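Please walk through the structure shown here, from its backbone details to its domains and its ligand site.

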Amino acid sequence: MFINENFLALQNNYLFTEIEKRVNEYKKNNPDKHVIKLGVGDVSQPIPQIIADEMKKAADEMTNIKTFHGYGPETGYDFLKQTILENEYKNISLSEIFISDGIASDIGNILDLFSEKNTVAITDPVYPEYLDTNIMNGRQIIFLPCVAENNFVPPIPDEKVDLIYICNPNNPTGTTINKNDLQKWVDYAVENNSVILYDGAYEKFISSENIPHSIYEIPNAKKCAIEFRSFSKSAGFTGLRCSYTIVPNELVEQTKNISLNKFWNRRQCTKTNGVSYIIQRAAQAVYSPEGKKNCAANIKYYMDNAKIIYDGLKKSGYETYGGIDAPYIWFKIPENFSCWDWFDYWLKNLGIVGTPGIGFGKNGQKYFRLSAFGDRNETLQAIDRILYKN
Ligand code: PLP
């Protein structure tokens, strides 16, 4: 047997293990110190009651022979697809939306559709899954630097690339790409027969104008883009698992006129039996009046945290980015520190845990990421410590 040796090229997932190791060691030596974690990207607020109620109802349906559900449609129930389309999109049809158990699954699985011969463009810094899944497949990767100097907007490469990952709003930088800049990428993709893999995990956190909520707001995007959206961060589904992916019918491989929508449908119908009925009912409840109101309140809670962190860092004199349309704040650490030295310095002096930017790529080495997903009091306390160094 031959193994996929591309796995040997992966970096060990050392970032979060290393963070945990350092935090545990510090706690062991300082049991009386309260450590505040502003590193994690998981949500802290519970799901709205209406979502739990709908799940309970759906669970009860499963006990009755008349309402029991066995295998569902592989690409999702129409009741959920319809609800999403009515609430989120103007011109997307039922055949173009696919329900799944998370962007993490789909953004990795989508690579089944593309040859290993493709060249992939990935931003640096980046959400690590885009990179690792392509390394697993042995594709050639080029990096697009996203730094303060270019406003964290990925530059269009000189060479031809086939697959392009765009995460907007961005994790880890918390920054955004506006409609004009996104139009340039769409134009590039159409011209080069490339596909944009557009990760909209944080779409619901956008409040600024001129930031697209969907790539399909950009003319011609249906010819070149696949969009991924998730209930994880917008509705507290990180543990429940539900997301959706749009593969437009217009998206075709130009030289042979092959529909990617058909390929993805075939792939999903072969390799998954879909998301459970109960979870799809839960996702539908996100769009009930009560669900919408409560999910919006949770997002406001996180974005108020983001403002507290952003303003606090600014006031302390840090060069600070993000935090306006995304729940992440990205700031520059002092010149004389390495990322990990800064991590230790904050942990030991302030009792605060952040995420070293180097974990997201070489261009992150002078930055630190803080997350707004934490508890309000802890966030306030952390900023107090940063401001007054206590
Ligand atoms: N994409 C980005 C940019 C993320 O930050 C995350 C989670 O942190 C995901 C995708 C994964 O989302 P899901 O929970 O839907 O798998």
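In which loop is proline 172 found? In this predicted model, proline 172 sits in the loop that runs between β5 (163-167) and α6 (179-192). The peptide bond leading into this proline from asparagine 171 is cis, and its omega is near 20°. A second cis bond joins aspartate 124 to proline 125, here with omega near 10°. Proline 125 is placed in the loop between β3 (119-124) and α5 (128-136). The backbone has another feature to note at asparagine 193, which is not a glycine and yet has a positive phi of about 55°. Asparagine 193 belongs to the loop between α6 and β6 (195-199). As background to these features, most residues other than glycine have a negative phi, and most peptide bonds are trans.

The next level is that of domains. The domain assignment divides the protein into domain 1, made of 5-47 + 290-389, and domain 2, made of 49-288. To their contact, domain 1 contributes 34 residues and domain 2 contributes 46 residues. Taken over C-alpha atoms, the centres of domain 1 and domain 2 are 26 Å apart.

The size of an interface is often given as the accessible area lost when the parts come together. For domain 1 and domain 2 the buried area is about 3200 Å², with 61% of it on carbon and sulfur atoms. Zero salt bridges are found across this interface, while 15 residue pairs between domain 1 and domain 2 are in polar contact. On the side of domain 1 that touches domain 2, the elements giving two or more residues are α10 (289-315), β11 (320-322), β12 (328-332) and β15 (367-371). Of these, α10 gives the most, with seven residues. Sorted by class, that side of domain 1 has 18 nonpolar, nine polar and seven charged residues.

Salt bridges do occur elsewhere, and the structure holds 16 of them. One pairs the side chains of aspartate 112 and arginine 267, at 3.0 Å from N to O. Aspartate 112 lies in the loop between α4 (103-109) and β3, and arginine 267 lies in helix α8 (residues 260-271), so this pair ties together parts that are 155 residues apart in sequence. In general, side chains of opposite charge can pair when their charged atoms come close.

The last stop is the ligand. There are 14 residues around the ligand, and those that come nearest are Asp199, Tyr202, Ser230, Ser232 and Lys233. For tyrosine 202, an N or O atom of the side chain is 2.6 Å from an oxygen atom of the ligand. The side chain of serine 230 likewise has an N or O atom 2.6 Å from a ligand oxygen atom. In the case of arginine 241, an N or O atom of the side chain lies 2.7 Å from an oxygen atom of the ligand.

How values were computed: Residues numbered from 1 in each chain as written. Predicted model: local features only at pLDDT ≥ 70, side-chain atom pairs only at ≥ 80, totals over all residues. Heavy atoms only, no water. Domains from an automatic or database assignment. Contact = heavy atoms within 4.5 Å. Buried area = accessible area lost by both parts, 1.4 Å probe. Salt bridge = Lys/Arg side-chain N within 4 Å of Asp/Glu carboxyl O. Polar contact = N/O pair within 3.5 Å; in protein donor to acceptor, adjacent residues only side chain to side chain. Helix = DSSP H or I, 4+ residues; strand = E, 2+ residues; numbered from the N terminus. Nonpolar A, V, L, I, M, F, W, Y, C, P; charged D, E, K, R; others polar. Near = heavy atom within 4 Å.
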